[in-house]
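Here is my notebook from a first look around this structure. I kept the entries short so that you can follow along.

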Amino acid sequence: MIARLLRHTGAPWPTGCWLLPLPFTLWGISRLAVGELRWEQVTLMVVMPALAYASDRTRQLFLAVLPLALLGLTYDIMRYVENVGLSPARVHVCDLRTIESAFFGRPNWTVHDWLQAHPSAWLDRLCAVPYGTFLFVTVAFALFLFVRAPREAVMRFGWTFFAASLLGFVTYHVYPAAPPWYFHAHGCAVDLSTRPSAGPNLARVDAWLGVSFFGGLYGRSSDVFGSVPSLHAAYPLLIVLEGWCWMRPAGRAGAVLFAIWMSVAAVCLDHHWIVDVVLGWLYCVMAYAVVFVLVEHAMRPPRHAGGVSAEAPSA
C-alpha cells in the first residue's frame, strides 16, 4: 500500500517536485505541536497536498495557487522575525510625513490630517470593503486565469504576486516606516512594543459590524512599521496588468475601479501615505516586468545547437 501511494504521489512529477506540498504539511504539524493551529494553516496543510496528488487537473491547480500559498506561509513565519533590523532610531515617522507633505500636501499638513479631523462613518465603511475582500478577489482572479487564460498568464500572476510581496517584506525591515495612524496616535516617538492594529477607522467599522473582523485580521500581523510600500495598492494593480488581455470590457472596468478604490481606501483609512501607494504601484510594475521576462524565457521551446526548435519535425 505504501509503495502504491509513493508511486501515485511521485510518478506524475519531475524528480523531487512531488515534495513541493511538504512545507505546508510540516508547518501545520509544527503549529499543532505548539497549540497554535488556526483554520488557514489547517487549510494549507490539507488542501495543498490534496490538490497536488489527486489528479492531473488538480495538480495544475496546485501549481497555479502555489505562489499564493507560499506567500501565506511566508507571512505566517514572519512574526518570528518581526523586529529584525528594527530600532527606534531606524523607524521612519516624521521624516516620512515631511516627504508626504512636500509632494502631496503643504508644510506640516497632509491629506491624512484633514481626513482624521473630519471623520466620516460612511467613508470608513465604504473604504473597508476593498480591505476586507481583496484576498477573496485575488484568489477568485487566480481561479479565473486558471480556467480562461493560458498557463503562462497563471504563472505570471502568481509569481509576480509572490515576488512583489517578498520585496515589500524585505523593505519593511530595510526601511521600517510607521503608517499614518501611528503618527496620529503617538506622534514622532517610536515604541517597538506597539502591537499591530487595524487603526481607529477600521476599529469604528468593527464596532458598527459588532465583530472584531479587522481587529482580528491585523492582530496577527507582524509589521507595525511596514507602511512602505503599500502592497494593498500593488495587488489590485497586478490584477489590472495581467487581466487586461483576458477580461471583457466590463471586467477591465471593474478591475480598474477596484484598484482605484483600494488605493483611495489605503489613504482614507489612515493606513498608508500617498507616497506608500505610489511606491506600491512601482513595486508591482517592476516585479511584473521581471517575472514576465522570466516566464517568457521558461516557456520558450528548447532549441538544438543548430538553432532548430526541439519540437520541429526532422527533414
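**Entry 1, the disulfide.** I looked up the link of Cys94 and Cys188 and found it left-handed, with -75° about the S-S bond. Cys94 lies in helix H5 and Cys188 in the loop between helix H9 (180–186) and H10, so the pair ties together parts that are 94 residues apart in sequence. The two sulfur atoms sit 1.5 Å apart, and I count a disulfide when a pair of cysteine sulfur atoms is within 2.5 Å. The structure holds one disulfide. Helices here are DSSP runs (H or I, at least four residues), numbered from the N terminus.

**Entry 2, ground rules.** This is a predicted model, in which local features need pLDDT of at least 70 and side-chain atom pairs count only at pLDDT 80 or more, while totals for chains, interfaces and linings use all residues. Residues are numbered from 1 along each chain as its sequence is written, and side-chain values use heavy atoms, with hydrogens and water left out.

**Entry 3, cysteine exposure.** I sorted the cysteines by relative accessible area: buried is under 20%, exposed is over 50%, and partly exposed is in between (1.4 Å probe, protein chains only). Cys94 is partly exposed at 22%, and Cys188 is partly exposed at 46%. Cys245 is exposed at 61%. Cys268 is in no disulfide; its nearest cysteine sulfur belongs to Cys127, 4.3 Å away. With 12% relative accessibility, Cys268 is buried.

**Entry 4, the cavity.** Cys268 turned up again when I searched for enclosed space, in the lining of the largest cavity. On a 1 Å grid over the protein atoms alone, a cavity is a set of points where a 1.4 Å probe fits but cannot get out; a pocket is an open set with protein on both sides within 12 Å along at least five of seven lines; lining residues have an atom within 4 Å of a point. Points join across faces, edges and corners, and a volume is the space filled by probe spheres set on them. My search of the whole structure found one cavity of 30 Å³ or more, and the largest cavity holds about 40 Å³. Helix H7 (121–148) and helix H10 (199–209) each give at least two residues to its lining. Those lining residues are four nonpolar, three polar and two charged. For classes, Ala, Val, Leu, Ile, Met, Phe, Trp, Tyr, Cys and Pro are nonpolar, Asp, Glu, Lys and Arg are charged, and the others, Gly among them, are polar.

**Entry 5, the pocket.** How much space lies in the largest pocket? I noted about 1700 Å³. It is lined by 49 residues, of which Gly72, Tyr75, Phe134, Leu135 and Leu217 are the closest to its centre. The lining has 31 nonpolar, 13 polar and five charged residues. Among the helices that each supply at least two of them are H7 and H12.

**Entry 6, helix H12.** I followed H12 (residues 231–243) next: its 13 residues reach 18 Å from first C-alpha to last, close to the 18 Å expected at 1.5 Å a residue. The expected span is 1.5 Å times one less than the number of residues. Of the 13 residues, 12 are buried, so H12 is largely enclosed by the rest of the structure. Its buried residues pack against several helices, including H7 and helix H13 (249–268).

**Entry 7, a buried histidine.** I closed with His271, in the loop between H13 and H14. His271 is buried at 6% relative accessibility. Its contacts (heavy atoms within 4.5 Å) include Tyr131, Trp181 and Tyr218, not counting residues up to four places away in sequence.
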